[in-house]
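Reader: I am new to this structure and would like a careful look at one part of it, set against the background of the whole. Please take your time with the explanation.

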Amino acid sequence: MVKVKFFGVLRLETKIASVEVEAKTVKKAYEAVEADLKAKGIENAPTAKDLKDYITFVNGINIYKLKRQATKLKAGDEIVLMSPVSGG
């Protein structure tokens, strides 16, 4: 399982701090998060396509700048999703 933590607007809108999903790549994690949120009945849940625009860290490394959705994942990895625009 991969832990996916939500920050910013994503966390406020979903009212969820994190989920755990099965995924072998970041792209598959986005898809699994979309499915998980829909299964929980979250209205206006972001799609996998939306999530690719979020700032994404994998184990503390910012892959958003690298545009690496093919980044491989393994059990125990942690993904952090932050809204592309956040107030402060």
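About how many Å² does the accessible surface of the protein chain come to, and what percentage of it belongs to carbon and sulfur atoms? After that, please look closely at Arg11: where is its place, and over which ring does its charged end sit?

Author: The accessible surface of the protein chain comes to about 5500 Å², and 54% of this belongs to carbon and sulfur atoms; such areas come from the Shrake-Rupley method with a 1.4 Å probe, and for residues only the protein chains shown count as cover. The model is a predicted one, in which local features need pLDDT of at least 70 and side-chain atom pairs count only at pLDDT 80 or more, while totals for chains, interfaces and linings use all residues. Residues are numbered from 1 along each chain as its sequence is written, and side-chain values use heavy atoms, with hydrogens and water left out.

The background comes first. The protein chain has three helices and five strands, where helices (H or I, at least four residues) and strands (E, at least two) are DSSP runs numbered from the N terminus, and their order from that end is β-α-β-α-α-β-β-β. The radius of gyration is 12 Å, close to the 12 Å that the globule rule gives for 88 residues, so the chain is as compact as a globular protein of that length; this radius is taken over C-alpha atoms, and the rule is 2.2 Å times the number of residues to the power 0.38. The C-alpha trace spans about 30 × 30 × 20 Å along its principal axes. Of the 88 residues, 39% are buried, a word that stands for under 20% relative accessible area, with exposed meaning over 50% and partly exposed the range in between (1.4 Å probe, protein chains only). Among contacts with a separation of 6 or more, 54% are made by residues 24 or more positions apart, a contact being heavy atoms within 4.5 Å.

Now to the part that you asked about. Arg11 has its place in helix H1, and with a relative accessibility of 37% it counts as partly exposed. Its charged end sits over the ring of Phe7, 5.8 Å from the ring centre; to count in this way, NZ of Lys or CZ of Arg must be within 6 Å of the ring centre and within 35 degrees of the ring normal. Once residues up to four places away in sequence are set aside, Arg11 touches Phe6, Ile16 and Ala17. The C-alpha atoms of Arg11 and Met82 are 8.6 Å apart in space, although their positions lie 71 residues apart in sequence.

As for rings facing other rings, the count of aromatic pairs is zero, under a rule by which rings of Phe, Tyr and Trp (its six-membered ring) pair if their centres lie within 6.5 Å, with planes under 30 degrees apart called stacked, over 60 edge-to-face and the rest tilted.

Following the chain onward from H1 (9-14), one comes to the loop that leads to strand E2 (18-21), and Lys15 is found in this loop. Lys15 is exposed, with a relative accessible area of 74%, and its phi is near 60°, a positive value in a residue other than glycine. Most residues other than glycine have a negative phi. A positive phi is also found at Asn44, about 55°, which has its place in the loop between H2 and H3 and, at 74% relative accessibility, counts as exposed. In the loop between H2 and helix H3 (48-51) lies Glu43 as well; its C-alpha atom is 8.7 Å from that of Glu13, 30 residues away along the chain.

Beyond the loop that holds Lys15, strand E2 includes Val21, which counts as buried at 5% relative accessibility. Leaving out residues up to four places away in sequence, Val21 touches Met1, Val2, Val4, Ala29, Ala32 and Val33.

Met1 and Val2 also appear among the contacts of Asp77, together with Lys3, Asn59 and Lys72, when neighbours within four places in sequence are left aside. Asp77 lies in the loop between strand E4 (61-62) and strand E5 (78-82) and is buried, with a relative accessible area of 6%. Its side chain makes a polar contact of 3.0 Å with the side chain of Asn59; such a contact is a pair of N or O atoms within 3.5 Å, where within protein one must be able to donate a hydrogen and the other to accept it, and residues adjacent in sequence count only if both atoms are side-chain atoms.
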